Amino acid sequence: MTGRMQNELMRLDQSESRVEPKGTIGLQTSMGISEDGVTDFTLPKDGLLEFILSPANLNAAYKKVKGNKGSGGIDGMSTEELLPYLKEHGSELVASLREGTYKPNPVRRVEIPKSNGKKRGLGIPTVVDRVVQQAISQVLELLYEPQFSETSYGFRPHRGAHKALLKCGEYIEQEYVFAVDMDLEKFFDMVSHSKLIEVLSHTITDGRVISLIHRYLNAGVIHCGNYEPSQLGVPQGGPLSPILSNIILNELDKELERRGHKFVRYADDLVIFCKSRKAAKRTYEHIVPFIEKKLFLKVNKVKTKVAYIRNIKFLSYAFGRRSGKCQYRLHPESVKKMKAKIRELTSRSNGWSYEYRKHRLQWYIRGWSNYFSLAGYKPRLEEWDSWLRHRIRMCIWKSWKRVRTRLHNLEKFVSDKNRVRMAAFCRKSYWRMSQHPTVHEALSDERLFRAGYPTFTGCYVDFNKARGYY
């Protein structure tokens, strides 16, 4: 076991979140669980499984799962019911994990829509399995983080999409202006179990841990009430899938480093940078066989392309270059998705209250503005805000269903009675009425702002003030 891992678990063991009295540390005789986490442990501390089942690690795993909340698995147990269950069955759970008799439950398959109209399958483990998976993941992270590439950014601590994009900018400014935009087809569904176990075995010598991970991979899924075996893939939705995906793709990272390539990877999104189109094509031709024949993954040859940097999309951004500097831009698809989401949030038929709609818009627009803060979209703020205001006015006008309600509300803000009556009795569509001069005057930009509706401009300014740019 590495010294780093021992130090980290000692730190967790001595943290304030531990509920075990300090006088009993090192003398644990049983395992119990409280609101703060898992305590008391009776096993020797010389194997990886013992680190996974240590009270400090289980304590941290429980708190993480409880904090993340989320829906239940096939047994219907919620995170609120997790603590009582573990109080009663925690000792049995740890004993079965230690003895190798624990059998993970199949995951519950749910499908969420993708931007291309297709659906992505997620596997939702039971909350108990999520605790065990989280405990494994925490120890694997300590073990594998020193091995991971410096240009891998997805699902890793103290990293993120912005750092990945800034690294792309560094390469672009070094004149690596052609790229292989690599797309791995259904990556999480296509991971070979045997290859993943082989890669894990290079680092993990505790066969009990390998066996436990293998059981999770083979647990299967329940979809529409039917059991389906899982012979391939790492189901998205559980705490183990991010670290396992990084472990298998680290083999690709090491191969790219061995060949001297400049690249940035975020989960299964990969861009390899080259100085010429010819070099990029050669890189593509040489790396695809490694991915398909050595890692047993599948490259989507339709979506994978060799192109100049302004013609690729990475993490929803586009790139450009001016005077030797990288220019971060909004990809047209990102703007299209943003507008589709705003239309959903300002749909006149969803029946939301004013306050709930404001909350959802505030949450989405702030998050969107923060994520795309690297891009230069300031000239488009006024256009987007004008469009957003029309959407909000349309929703408010529809909520004033009756003529008398419209008369009453318009009279509060518009003094001309004739204009008020003409607008109130007008039978034009909600969208056209949102642009009516009388409605526009009553629901002016200033009044909507005072009412708490967000603007792209306001979020943009607030974010830049926080960064010290204003």
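This passage describes the nonpolar core, one buried serine and one helix pair of a predicted model. Residues are numbered from 1 along each chain as its sequence is written. In this predicted model, local features need pLDDT of at least 70 and side-chain atom pairs count only at pLDDT 80 or more, while totals for chains, interfaces and linings use all residues; side-chain values use heavy atoms, without hydrogens and water.

The largest nonpolar core (buried Ala, Val, Leu, Ile, Met, Phe, Trp, Tyr and Cys residues joined through side-chain atoms within 4.5 Å) holds 126 residues, of which Leu140, Leu200, Leu244, Ile247, Phe273 and Phe319 touch the most other members. Helix H5 (residues 127-144) supplies the largest share of this core, ten residues; helices are DSSP runs of H or I of at least four residues, numbered from the N terminus.

Ser96 lies in helix H4 (residues 82-99). Because its relative accessibility is 15%, Ser96 counts as buried (under 20% relative accessible area, with a 1.4 Å probe and protein chains only). Beyond its neighbours within four places in sequence, Ser96 is in contact (heavy atoms within 4.5 Å) with Thr101 and Tyr102.

The axes of H4 and H5, lines fitted to C-alpha atoms over the stretch in contact, come within 11 Å and cross at roughly 55 degrees. H4 is therefore oblique to H5, a class for angles that are not under 35, over 145 or 65 to 115 degrees. The contact joins Leu82, Tyr85, Leu93 and Leu97 of H4 to Val127, Val128, Val131 and Val132 of H5. These residues comprise eight nonpolar, no polar and no charged.

Conventions: Buried means under 20% relative accessible area, exposed over 50%, partly exposed in between (1.4 Å probe, protein chains only). Helices (H or I, at least four residues) and strands (E, at least two) are DSSP runs, numbered from the N terminus. Axes are lines fitted to C-alpha atoms, for helices over the stretch in contact, and angles run from 0 to 180 degrees between N-to-C directions. Ala, Val, Leu, Ile, Met, Phe, Trp, Tyr, Cys and Pro count as nonpolar, Asp, Glu, Lys and Arg as charged, and the others, Gly among them, as polar.
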